[in-house]
Amino acid sequence: MQKAVFLSIIVLFMISGCAGNSVRKSEGFLPGAEPRAEDEWRGKKNISAEVQDEIIKRISELTEYKEAQKNIEEVSLHRKGVTSIIDNDEKRRGYSVQVGYSGSDRFETYYFFHVDPVTYKITILDITDDEYVTLDTWRKREKSRDNK
């Protein structure tokens with residue numbers, strides 16, 4: 001029950017957060033959203049395909065991503081999978097990554113990640129505390145919230 005509430009909060013929190021971002025599915029680019037290969041992080045609007053590939057590779061190894069993939073496949077009868085929105089994060093210097101379900105009328109964000117542009121270290125947004133934390137910290141917090 002708490003997971004359903006948590007996912008509902010995330011969906012409501014960023015229901016319109018995908019407008020104007022570089023969108024990429026794990027399986028390939030969405031039509032019309034292909035970035036230019038020569039762009040780099042610093043101040044550019046688009047992110048190179050190589051960087052996106054590396055980010056997707058690392059994010060897709062996470063337990064949270066795998067669980068989201070499994071849930072989306074089950075609900076969609078294996079017709080859909082996880083979609084990721086990758087954008088430059090000018091405030092925190094790096095890349096913001098939204099992971100979720102891309103429906104016909106909206107994008108439902110399940111997780112917000114931040115990826116460091118040099119080390120590719122991944123942090124996750126704890127929406128309850130409104131801060132990016134390490135994955136270990138977030139997992140411990142989620143476990144304690146589930147036990148309440």
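This is a short talk through one predicted model, from its overall layout to its core, sheet and helices.

Hi everyone, and thanks for coming. Two housekeeping points. The model is predicted, so local features need pLDDT of at least 70 and side-chain atom pairs count only at pLDDT 80 or more, while totals for chains, interfaces and linings use all residues. Residues are numbered from 1 along each chain as its sequence is written, and side-chain values use heavy atoms, with hydrogens and water left out.

Let's start with the layout. The chain has 4 helices and 7 strands; these are DSSP runs, H or I of at least four residues for helices and E of at least two for strands, numbered from the N terminus. Along the sequence the order is α-β-β-α-α-β-β-β-β-β-α. Of the 148 residues in the chain, 43% are buried, where buried means under 20% relative accessible area, exposed means over 50% and partly exposed is in between, with a 1.4 Å probe and protein chains only. Contact here means heavy atoms within 4.5 Å. Take the contacts between residues at least 6 apart in sequence: 46% of them join residues at least 24 apart.

Now to the middle of the model. Which residues have the most contacts inside the largest nonpolar core? They are I55, I59, V97, V99, Y111, F113 and V115, in a core of 24 residues. By nonpolar core I mean a set of buried Ala, Val, Leu, Ile, Met, Phe, Trp, Tyr and Cys residues joined through side-chain atoms within 4.5 Å. At least two core residues come from each of α2 (49-60), α3 (63-75), β4 (94-102), β5 (107-115), β6 (122-126) and α4 (135-146). V97 is a nice one to click on: leaving out residues up to four places away in sequence, V97 touches I55, I59, S84, I85, I86, Y111, F112, F113 and V115.

On to the strands, which count as paired if DSSP finds at least two bridges between them. Strand β3, residues 83-89, runs antiparallel to β4, with 7 bridges joining the two. Two of the bridge pairs are D89 with G94 and D87 with S96. This hairpin has 4 residues between its strands, and R93 takes a positive phi near 50° there. Is β3 enclosed or open? Because 7 of its 7 residues are buried, β3 is largely enclosed by the rest of the structure.

The next pair along is β4 and β5, also antiparallel, with 8 bridges. Y101 has E108 as its bridge partner in β5, and this hairpin too has 4 residues between the strands. While we're in β5, have a look at T109, which lies in that strand. T109 is buried, at a relative accessible area of 0%, and its side chain makes a polar contact of 2.7 Å with the side chain of Q98. For a polar contact I need a pair of N or O atoms within 3.5 Å; within protein, one must be able to donate a hydrogen and the other to accept it, and residues adjacent in sequence count only if both atoms are side-chain atoms.

Another buried polar residue is D126 in strand β6, also with a relative accessible area of 0%. A polar atom of the D126 side chain lies 3.1 Å from the backbone nitrogen of T128. Farther along the sequence, D126 touches E131, V133, W138, R141 and R145, not counting residues up to four places away.

Last, two helices. The buried residues of α2 are A49, V51, Q52, I55, I56 and I59. Seen down the axis, they fall within an arc of 155°, so they line one face of the helix; the arc is that of the directions from the helix axis to the C-beta atoms.

For α3, the buried set is E64, Y65, A68, Q69 and I72. These cover an arc of only 135° around the axis, which puts them on the same side of α3. What covers them includes α2, β3, β4, β5 and α4, whereas the face turned away carries the exposed residues K66 and K70. As for length, α3 has 13 residues and reaches 18 Å from first C-alpha to last, close to the 18 Å expected, taking 1.5 Å times one less than the number of residues. Just after α3, L77 takes a positive phi of about 55°.

That's my tour, and I'm happy to take questions!
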